[in-house]
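Reader: Hello! I would like a close look at one part of this protein, the aromatic cluster and the helix beside it. Could you walk me through that part and then show me how the rest of the chain fits around the picture?

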Amino acid sequence: MSIRTELAPYLRGYEEKFTSKGEIRWLPHLLYFHPQSHRSEVVNTDSVGFRYATDGDRSYSVADHGSADSVRLLAGSSTVFGIGASSDAWTLPSRLNVHDERDQTWLNFGGRSFNSTQELLLLTLYRHLLPKVDEIVLFSGFNNLSLARMPQARDEDHGTFFQYNMYKEMFARQGESKASSPVWNLLRRKQKSAAPVPPSIRGCLTWQVSRASCSSSGRGPWPGLGSAGRCGPRTGS
């Protein structure tokens, strides 16, 4: 048993699905997000992947906020999500619910390993699940600083993101798989022009007759074989 596991055994609750080495749920626009409806003693998520925050004896989330008329959001990345917390009750949104005397519940609106662009997209894509939002607090920015130190080779038009190498390798493998697929090769094969039909023996014999003999007689020796130098009946003047 490692020292890490001995001192903080609950961290194993994150390893299977909440680290870059675990299962990653790839999504359009966001690239990736937390697993849906995950249940454990350490971390629990709702039907779309948001982590629950506790408030009193109940747990609330973006997709499971009961009949709340309004809520407050703590938005950000891994720190807001609560990587390393021993349970949902010890995440920042849950602690705000303990110490904030106002009525509205704080919800966990964090995305693990997100940059600020992904955090904004998260709100854009899931705002429709929320009731009235009275307040949004941003706990964000550190990941942007970390990503800014990445090599320029990873700098796309809108900046880079975590899991970049895995993302690139995944598409590279997909391209290799397509390249080796007989069906893909068939679809990519350039359409070749049809080979010309070889002339018939009769046509070959026609070309053996010189134009001089055709023009001098006005008709070729084999009527009906064509015109325009092919030793047949002449047309036109």
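Author: Happy to; here is a walk from the whole protein to the aromatic rings, the cores and a few single residues.

A word on the source comes first. This is a predicted model, in which local features need pLDDT of at least 70 and side-chain atom pairs count only at pLDDT 80 or more, while totals for chains, interfaces and linings use all residues. Residues are numbered from 1 along each chain as its sequence is written, and side-chain values use heavy atoms, with hydrogens and water left out.

The protein has 10 helices and 7 strands; helices (H or I, at least four residues) and strands (E, at least two) are DSSP runs, numbered from the N terminus. Of its 237 residues, 35% count as buried. Here buried means under 20% relative accessible area, exposed means over 50%, and partly exposed lies in between (1.4 Å probe, protein chains only). About 15300 Å² is exposed, and carbon and sulfur atoms supply 55% of that area; accessible areas come from the Shrake-Rupley method with a 1.4 Å probe, and for residues only the protein chains shown count as cover. Among contacts with a separation of 6 or more, 58% are between residues 24 or more positions apart, where contact means heavy atoms within 4.5 Å.

Now to the part you asked for. Trp26, Tyr32, Phe33, Phe50, Phe109, Phe114 and Tyr126 form one aromatic cluster, and the structure holds 9 aromatic pairs. One of these pairs is Phe50 with Tyr126, an edge-to-face arrangement with 5.3 Å centre to centre and 90 degrees between the planes. The pair links distant parts of the chain: Phe50 is in the loop between β2 (31-33) and β3, Tyr126 is in helix α5 (residues 116-126), and their positions lie 76 residues apart in numbering. Rings of Phe, Tyr and Trp (its six-membered ring) pair if their centres lie within 6.5 Å; planes under 30 degrees apart count as stacked, over 60 as edge-to-face and the rest as tilted. Both partners are buried: Phe50 has 0% relative accessibility, and Tyr126 has 12%.

Helix α5 itself has two sides. Gln118, Glu119, Leu122 and Tyr126 are its buried residues. They lie on the same side of α5 because they cover an arc of only 105 degrees around the axis, the arc being that of the directions from the helix axis to the C-beta atoms. Leu120 and Thr124, on the other side of α5, are exposed. The buried residues of α5 pack against β1 (25-27), β2, β5 and β6.

Some of these residues also belong to the largest nonpolar core, which has 20 residues; Phe50, Phe109, Leu122 and Leu130 touch the most other members. Two or more residues of this core come from each of β2, β5, β6 and α5. A nonpolar core is a set of buried Ala, Val, Leu, Ile, Met, Phe, Trp, Tyr and Cys residues joined through side-chain atoms within 4.5 Å. Leaving out residues up to four places away in sequence, Phe109 touches Phe50, Val62, Leu73, Leu74, Ala75, Gly76, Val80, Leu122, Leu123 and Leu130. A second, separate core of 8 residues includes Ala8, Phe18, Val42 and Phe81.

Another helix is worth a look beside α5. In α4 (residues 92-99) the buried residues are Pro93, Ser94 and Asn97. Their arc around the axis is only 100 degrees, which puts them on the same side of α4. They pack against β3 (53-55), β5 (70-76), α3 (78-81) and β6 (105-110). Arg95 has its charged end over the ring of Trp90, 4.3 Å from the centre, and Arg58 does likewise over Tyr60, at 4.5 Å. A charge sits over a ring if NZ of Lys or CZ of Arg is within 6 Å of the ring centre and within 35 degrees of the ring normal.

Finally, two loop residues. Most residues other than glycine have a negative phi. Ser113, in the loop between β6 and α5, has a positive phi near 60 degrees and is buried at 12% relative accessible area. Ser37, in the loop between β2 and β3, has a positive phi of about 50 degrees and is partly exposed at 43%.
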